[in-house]
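Here is a quick walk through this protein, helix by helix. Keep the model open and follow along.

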Amino acid sequence: MPHMLVRHKVQDFAKWKPGYDAHLPARQAAGLTERMLSRNADNPNEVILVFEAKDLGKARAFAASPDLKQKMQEVGVIDKPDIWFLT
């Protein structure tokens, strides 16, 4: 099964998490299932996420979508996310 890995920094994890959780329907529509959400032990505002992807094409489209970019800005992502697609 393919996966999508995301790493980004947020302004405040406690403020980011509810917005992230509210975006679940968009992730589900893209065929993404969260398998891991971790925080950097040395910087708790750096978040690493791993998703199982049913379809890499849908996952790529979701990652590039204006909706995701807007949501990331709204919830306080403060750097350019690193996104990798894994097989």
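## Starting at Gln73

Gln73 lies in helix α4. Before going on, some ground rules: residues are numbered from 1 along each chain as its sequence is written, and side-chain values use heavy atoms, with hydrogens and water left out. You're looking at a predicted model, where local features need pLDDT of at least 70, side-chain atom pairs count only at pLDDT 80 or more, and totals for chains, interfaces and linings use all residues.

Is Gln73 buried or exposed? Gln73 is exposed, with a relative accessible area of 67%; the cut-offs are under 20% for buried, over 50% for exposed, and partly exposed in between (1.4 Å probe, protein chains only). Gln73 and Val10 sit 63 residues apart in sequence, yet their C-alpha atoms are 9.6 Å apart in space.

## The rest of α4

Helix α4 covers residues 66–75, and its buried residues include Leu68, Met72 and Val75. These three cover an arc of only 75 degrees around the axis, so they end up on the same side of α4. That arc is the one made by the directions from the helix axis to the C-beta atoms. An α-helix has 3.6 residues a turn, so residues three or four places apart point the same way.

Flip to the other side of α4 and you'll find Pro66, Gln73 and Glu74, which are exposed. The buried residues of α4 pack against β1 (3–9), α1 (13–22) and α3 (56–64), where a contact means heavy atoms within 4.5 Å. Right after α4 comes Gly76, with a positive phi near 95 degrees.

## The overall fold

How many helices and strands does the protein chain have? There are four helices and four strands, and reading along the sequence gives β-α-α-β-β-α-α-β. The radius of gyration is 12 Å, close to the 12 Å that the globule rule gives for 87 residues, so the protein chain is as compact as a globular protein of that length. That radius is taken over C-alpha atoms, and the rule is 2.2 Å times the number of residues to the power 0.38. As for the helices and strands, they are DSSP runs (H or I, at least four residues, for helices; E, at least two, for strands), numbered from the N terminus.

Along its principal axes, the C-alpha trace spans about 30 × 25 × 20 Å. Of the 87 residues, 36% count as buried. Take the contacts between residues at least 6 apart in sequence: 73% of them join residues at least 24 apart.

## Helices α1 and α3

In α1, the buried residues are Phe13, Trp16, Gly19 and Tyr20. They cover an arc of only 130 degrees around the axis, which puts them on the same side of α1. The cover over them includes β1, α2, β2, β3 and α4. Turned away from that buried side is a face carrying the exposed residues Ala14, Lys15 and Ala22. Lys17 is also found in α1, and at 26% relative accessibility Lys17 counts as partly exposed. Lys17 and Lys58 are 41 residues apart in sequence and 23 Å apart in space, C-alpha to C-alpha.

Now for α3, where Leu56, Ala59, Phe62 and Ala63 are the buried residues. Their arc is only 120 degrees around the axis, so they sit on the same side of α3. They pack against β1, α2 (24–29), β2 (32–40), β3 (43–53), α4 and β4.

## Trp84 and the surface

Which strand holds Trp84? Trp84 has its place in β4, residues 82–86. Trp84 is partly exposed, with a relative accessible area of 44%. Leaving out residues up to four places away in sequence, Trp84 touches His3, Met4, Leu5 and Arg7. Trp84 and Leu24 are 60 residues apart in sequence and 19 Å apart in space, C-alpha to C-alpha.

Over its surface, the protein chain exposes about 5200 Å², and carbon and sulfur atoms supply 54% of it; such areas come from the Shrake-Rupley method with a 1.4 Å probe, and for residues only the protein chains shown count as cover. On the charge side, there are 13 positive and 11 negative side chains, and the centres of the two sets lie 3 Å apart. Lys and Arg count as positive and Asp and Glu as negative, while His and the chain ends are not counted. The place of a charge is taken as NZ of Lys, CZ of Arg, CG of Asp or CD of Glu.
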